[in-house]
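Me: I am new to this structure and would like to know the grounds for each label put on it. Please take me through them one at a time.

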Amino acid sequence: FTCQVGSTCPLRAISGEGLTAEDSVMLLDTCGAGKLPERFPMDSNITSTSGSSGTLRYMTGPYFNIIWQTVTASGGRYRLCWCSSSATCSTAEDFRLDFGTLTLAGPSPLLQLYTCTSGRVCTLPRVSTVPGDFVGEVAVLSTCSFQSALPPAGFHGQLLTNASSRITASGGYYTLCWNSARDTSNITVDADIGVFQTASGA
């Protein structure tokens, strides 16, 4: 399975024996140990199947489906770990059954730092991602929402991946945001991936 940072993440048509919509899935580096990746929605059979926890689980015939509605965790390759509804599924130790891999395509590590000198045109180098050739768009915004947020004063235009204007913002630290593909049909949020620092020009 593959999903993108900043998008909904559906896993559909999972087959097995005795599956129910109350079963749960957790992403881990190793099933049965460790902890959920930071900023990945928790799925637990203690929570509702209605999606109030950021997760929707349902059955289509004999097949189990799960949709994580908000994914802004670090890009990476994770194990898909299963917990039956007959157990209490609340910690990583409860999710012992490994049933596959999820590649979360996007920036990694989660917190990245880039610097530019005020008064210059600043085009970002390629943001570190998993897989390494995955391309998205990066911007400095007041809040991470490409749909509604405006760039802070001194950033002329949103995108830094194709910057063409001089940055005249005062020296300081600003929010660095990521959008996987500007695919508005599948974007729920834009991911905060770190800090963009402007240094005062000479």
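Me: How much area does the protein chain expose, and what share do carbon and sulfur atoms supply?
Reply: This is a predicted model. In it the protein chain exposes about 9,500 Å², and 51% of that comes from carbon and sulfur atoms.

Me: What strands and helices does the protein chain have?
Reply: There are 12 strands and 0 helices. Along the sequence the pattern is therefore β-β-β-β-β-β-β-β-β-β-β-β.

Me: How many residues does the protein chain have, and what percentage of them count as buried?
Reply: The protein chain has 202 residues, and 48% of them count as buried. To count, a residue must have a relative accessible area under 20%.

Me: What share of the contacts between residues at least 6 apart in sequence join residues at least 24 apart?
Reply: The share is 64% in the protein chain.

Me: Why is the pair of F64 and W82 called edge-to-face?
Reply: The centres of F64 and W82 are 4.8 Å apart and their planes meet at 70 degrees. Ring centres must lie within 6.5 Å to pair, and planes over 60 degrees apart count as edge-to-face, so both conditions are met. F64 sits in strand β5 (residues 63–68) and W82 in strand β6 (residues 76–83), 18 residues apart.

Me: Why does F64 count as buried?
Reply: The relative accessibility of F64 is 0%. The limit is under 20%, so F64 is buried.

Me: What makes W82 buried?
Reply: W82 has a relative accessible area of 10%. That is also under 20%, so W82 is buried.

Me: What kind of aromatic pair do W82 and F99 form?
Reply: They form an edge-to-face pair, with 5.4 Å centre to centre and 85 degrees between the planes. The distance is within 6.5 Å and the angle is over 60 degrees, so the name follows. W82 lies in strand β6 and F99 in strand β7 (residues 97–107), so parts 17 residues apart in sequence are tied together.

Me: Is F99 buried, exposed or partly exposed, and why?
Reply: F99 has a relative accessible area of 25%. Buried needs under 20% and exposed needs over 50%, so F99 is partly exposed. F64, W82 and F99 form one aromatic cluster.

Me: Which residues have the most contacts inside the largest nonpolar core?
Reply: They are L11, F40, W68, L104, W178 and F196, in a core of 45 residues. Strand β6 gives the most to this core, with 5 residues.

Terms used
Residues numbered from 1 in each chain as written. Predicted model: local features only at pLDDT ≥ 70, side-chain atom pairs only at ≥ 80, totals over all residues. Heavy atoms only, no water. Helix = DSSP H or I, 4+ residues; strand = E, 2+ residues; numbered from the N terminus. Buried < 20%, exposed > 50% of the residue type's maximum accessible area, 1.4 Å probe, protein only. Contact = heavy atoms within 4.5 Å. Areas by Shrake-Rupley, 256 points an atom, 1.4 Å probe, with all protein chains shown as cover. Phe/Tyr/Trp six-rings, centres within 6.5 Å; stacked < 30°, edge-to-face > 60°. Core = buried A, V, L, I, M, F, W, Y, C linked by side-chain atoms within 4.5 Å.
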